[in-house]
Amino acid sequence: MRVLSGIQPTGNLHLGNYLGAIRNWVKMQDEGECYFFLADMHSISEHISAADRLIHVREMAAALVACGIDPDRSVLFNQARVPAHAEMQWLLNGVARMGWLNRMTQWKDKAGKNREGASVALFTYPVLQAADVLLYQATHVPVGEDQKQHLELTRDIAIKFNTDFGVELFTLPAPIIPKETARIMSLRDGAAKMSKSDPSDMSRINLTDDDDTIAQKVRKAKTDPEPLPGDASGLEGRAEAQNLVGIYAALTGTTADAVCAQFAGQGFGAFKPALAEILVEHLRPIRERYVALKDDHAALDAILVKGAEKASATAEPTLRGAYEAMGLMR
Ligand code: TYM
């Protein structure tokens, strides 16, 4: 079992990243050989200054270690230090189809009506993501629901490459998407996912938020006037309530049904302080580890350099195989 996943180093790690993906990364360290990376090469698809990018990469590395990614057991690196990603993307650009990329919802959402003004990197973003996964022969890719389409495309690209060149070079990866926390929603709008690009910081819980900020965000989270139902079926059509109950269940290791049974008949006035307390208790140790680590640039850089060396060595045979399959002398 080879596990691989990535995260864009743009801004803070939030509760959606944590419950949708990172918690699974941490667990999967006990189950397989793991590769986790900061997708700094993907981050150039939208403009960020060099100084901000450097800060974000180190901060995200510190956040992952604080969440429990162990750099002695997992290979942790930033994509830019492993040029095989960019090389493989270029090779896969020969196989990926414009029509496939045009159908990607992330492209449609992010480019919006301004397709002409979007970067080429934003359009070919999913091909770099396919390169990330296929280079390592990953079998399992733990992600949130929003990455499912990119992984389906990865499989399509792998199949077309293998078929077009008559090889069995690429392993077809399976997405690992948590059932209950596949899509954590914004605290302000139950129809939008929790996201780092939401302009309102009140919409998300950052893993760096202090206890008071967390409590305040939960207190102000949008809800409805109804009391909590006796079981999860009563949450249908109540997106905000469903989201908060789902977060509570995920953090306490129970089900939405069990949480509803516990709070049945009570309003959000009672539920929210309980949720805030659980969140604060859960996130405090992560935040403390993060604060202790984030300014230790030497230690963080050493982790990323060591990770990149290991990642490059693993990626090399597959990259060589792709050049050979395509008749490219290297
Ligand atoms: P990114 O940086 O947007 O998010 C990192 C991970 O967090 C998950 N996630 C969520 N899960 C549940 N609810 C949410 N509200 C939520 N928001 C984010 C994402 O699904 C993701 O798993 N394209 C990727 C990075 C990437 C990658 C890869 C992932 C690059 N190459 C190869 C896997 C394999 C991205 O932008 O994730």
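Me: Ala, Val, Leu, Ile, Met, Phe, Trp, Tyr, Cys and Pro count as nonpolar, Asp, Glu, Lys and Arg as charged, and the others, Gly among them, as polar. How many nonpolar, polar and charged residues has the lining of the largest pocket?

Reply: The lining of the largest pocket has 20 polar, 16 nonpolar and 11 charged residues. The model is predicted, so local features need pLDDT of at least 70 and side-chain atom pairs count only at pLDDT 80 or more, while totals for chains, interfaces and linings use all residues. Residues are numbered from 1 along each chain as its sequence is written, and side-chain values use heavy atoms, with hydrogens and water left out.

Me: What is a pocket, and what is a cavity?

Reply: Rolling a probe the size of a water molecule over the atoms shows where empty space is left. On a 1 Å grid over the protein atoms alone, a cavity is a set of points where a 1.4 Å probe fits but cannot get out; a pocket is an open set with protein on both sides within 12 Å along at least five of seven lines; lining residues have an atom within 4 Å of a point. Points are joined across faces, edges and corners, and a volume is the space filled by probe spheres set on them. In this structure the largest pocket holds about 1200 Å³ of space.

Me: Which residues lie nearest the centre of the largest pocket?

Reply: They are Asn17, Gln106, Asp146, Gln147 and Lys193, out of a lining of 47 residues. Two or more residues of that lining come from each of β1 (2-7), α1 (15-28), α5 (105-111), α6 (120-135) and α7 (148-164). Such labels are DSSP runs numbered from the N terminus: helices (H or I, at least four residues) and strands (E, at least two).

Me: Which element gives the most to the lining of the largest pocket?

Reply: That is α1, with six residues.

Me: How much space lies in the second largest pocket?

Reply: The second largest pocket has about 290 Å³. It is lined by 17 residues, and Glu180, Arg183, Gln242, Asn243 and Gly246 are the closest to its centre. Helix α9 (residues 239-252) gives the most to this lining, with six residues. By class, the lining of the second largest pocket divides into eight nonpolar, six polar and three charged residues.

Me: Now the closed spaces. How many cavities of 30 Å³ or more does a search of the whole structure find?

Reply: The search finds two. The largest cavity has a volume of about 100 Å³, and the second largest has about 30 Å³.

Me: Which residues line the largest cavity?

Reply: The lining of the largest cavity consists of Gly11, Asn12, Leu13, Glu59, Met60, Ala63, Ala66, Leu207, Thr208, Ile286, Arg287 and Tyr290. At least two of these residues come from each of α2 (50-67) and α11 (268-293), and α2 gives the most, with four. Seven residues of this lining are nonpolar, three polar and two charged.

Me: Where does the largest cavity lie with respect to the domains?

Reply: It lies between domain 1 (2-182 + 296-325) and domain 2 (201-291), because both give residues to its lining. The domain bounds come from an automatic or database domain assignment.

Me: Which residues line the second largest cavity?

Reply: Pro71, Ser74, Val75, Leu76, Ile303, Lys306, Gly307 and Lys310 do. Both β3 (75-78) and α12 (297-325) supply at least two residues here; α12 gives the most, with four. The classes are four nonpolar, two polar and two charged residues.

Me: How many aromatic pairs does the count come to?

Reply: A pair of aromatic rings is described by the distance of the centres and the angle of the planes. Rings of Phe, Tyr and Trp (its six-membered ring) pair if their centres lie within 6.5 Å; planes under 30 degrees apart count as stacked, over 60 as edge-to-face and the rest as tilted. Here the count is 11 pairs. One of them, Phe77 with Tyr136, is tilted, at 6.0 Å centre to centre and 45 degrees between the planes. This pair links distant parts of the chain, with Phe77 in strand β3 and Tyr136 in the loop between α6 and β4 (140-142), 59 residues apart.

Me: Are Phe77 and Tyr136 buried or exposed?

Reply: Phe77 and Tyr136 are both buried (under 20% relative accessible area, against over 50% for exposed and partly exposed in between; 1.4 Å probe, protein chains only). Tyr248 and Phe271 make another tilted pair, with 5.4 Å centre to centre and 40 degrees between the planes. Tyr248 is in helix α9 and Phe271 in helix α11, so this pair ties together parts 23 residues apart in sequence. Tyr248 counts as buried because its relative accessibility is 6%, and Phe271 counts as buried at 0%.

Me: Which residues form one aromatic cluster?

Reply: Tyr35, Phe37, Phe77 and Tyr136 form one. The loop between α6 and β4 also holds Gln137, a residue other than glycine with a positive phi, near 55 degrees.
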